[in-house]
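Student: I have a new model open and would like to talk it through with you. Could we go step by step?

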Amino acid sequence: MTVAAIDALQSAAVQLQAQAPAAAAPVAAQFDALVHSGLTGVNRALLQTETDAQRLAVGDVQNLHQVMIHMEEAKASFQLFLQVRNRLLDAYQEVMRMQI
């Protein structure tokens with residue numbers, strides 16, 4: 001390899017390193033928005049379930065089946081969100097265990 005080729009490789013590497021943080025920022029923002037919207041949806045379902053349970057306790061519910069369906073949907077969405085969180089934490093821990 002000639003010196004000019006090595007210099008060209010080094011300049012290309014510097015350019016790639018300069019572009020990498022700029023490209024990573026939108027991906028991080030998209031991931032943050034995805035997690036936030038998922039958490040908001042789960043929270044909304046849990047709050048609706050709590051309201052339905054309170055209305056059921058008072059006797060203000062006409063359709064018991066809908067209340068039970070909402071409760072099961074909220075339970076399933078919460079369990080799914082917990083499993084996603086657990087998988088993300090496992091992946092993060094695996095990355096942190098990698099040796100450099």
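Tutor: Gladly, and let us start with a term: helices are DSSP runs of H or I with at least four residues, numbered from the N terminus. Keep in mind that this is a predicted model.

Student: How many helices and how many strands are there in the protein chain?

Tutor: Helix H1 covers 3-58 and helix H2 covers 64-97. No strand joins them, as the strand count is zero. The totals are therefore two helices and zero strands.

Student: What separates Arg55 and Asp52 in helix H1?

Tutor: Both residues sit in helix H1, three positions from each other. They also form a salt bridge, with the closest N and O atoms 4.0 Å apart. Because they are three residues apart in that helix, the separation is about one helical turn.

Student: Is Asp52 buried or exposed? And which class does Arg55 fall into?

Tutor: Buried means under 20% relative accessible area, and exposed means over 50%. Asp52 has 4%, so it is buried. Arg55 has 37%, which lies in between, so Arg55 counts as partly exposed.

Student: Which residues are joined into one network by salt bridges that share partners?

Tutor: Side chains of opposite charge can pair when their charged atoms come close. Besides the bridge to Asp52, Arg55 forms one with Asp60, where the closest N and O atoms are 3.7 Å apart. Asp60 is partly exposed, at 45% relative accessible area. Through shared partners, the network is made of Asp52, Arg55 and Asp60.

Student: How many salt bridges does a search of the whole structure find?

Tutor: Two of them we have met, Arg55 with Asp52 and Arg55 with Asp60. Another links Arg97 and Glu94, at 3.6 Å from N to O, and these residues both lie in helix H2, three residues apart. Arg97 is exposed at 56%, whereas Glu94 is partly exposed at 43%. The search of the whole structure gives a count of three.

Student: Now to the surface. Which elements give two or more residues to the nonpolar patch?

Tutor: The patch measures about 540 Å² and is made by Phe31, Leu34, Val35, Leu80, Val84 and Leu88. Val35, for one, has its place in helix H1. Patch residues need over 30% relative accessible area, and Val35 has 31%, counting as partly exposed. The elements giving two or more residues are helix H1 and helix H2.

Student: Which element supplies the largest share of the lining of the largest pocket?

Tutor: That pocket has a volume of about 200 Å³. Its lining includes Phe31, Val42, Ser77, Phe81 and Arg85, and H1 and H2 each supply at least two residues. Six residues, the largest share, come from H2.

Student: How many nonpolar, polar and charged residues does that lining have?

Tutor: Gly counts as polar in this scheme, and Gly38 is among the lining residues. Arg is classed as charged, and Arg85 also belongs to the lining. By class, the lining has eight nonpolar, two polar and one charged residues.

Student: To finish, what percentage of the residues in the protein chain is buried?

Tutor: The chain has 100 residues and exposes about 8,400 Å², with carbon and sulfur atoms supplying 64% of that area. Asp52 is an example of a buried residue. The buried share of the chain is 6%.

Terms used
Residues numbered from 1 in each chain as written. Predicted model: local features only at pLDDT ≥ 70, side-chain atom pairs only at ≥ 80, totals over all residues. Heavy atoms only, no water. Patch = residues over 30% accessible without salt bridge, like charges linked within 9 Å, V, L, I, M, F, W, Y side chains within 5 Å. Areas by Shrake-Rupley, 256 points an atom, 1.4 Å probe, with all protein chains shown as cover. Salt bridge = Lys/Arg side-chain N within 4 Å of Asp/Glu carboxyl O. Buried < 20%, exposed > 50% of the residue type's maximum accessible area, 1.4 Å probe, protein only. 1 Å grid on protein atoms, 1.4 Å probe; cavity = no way out; pocket = protein on both sides within 12 Å on 5 of 7 lines; lining within 4 Å. Points joined across faces, edges and corners; volume = space filled by probe spheres on them.
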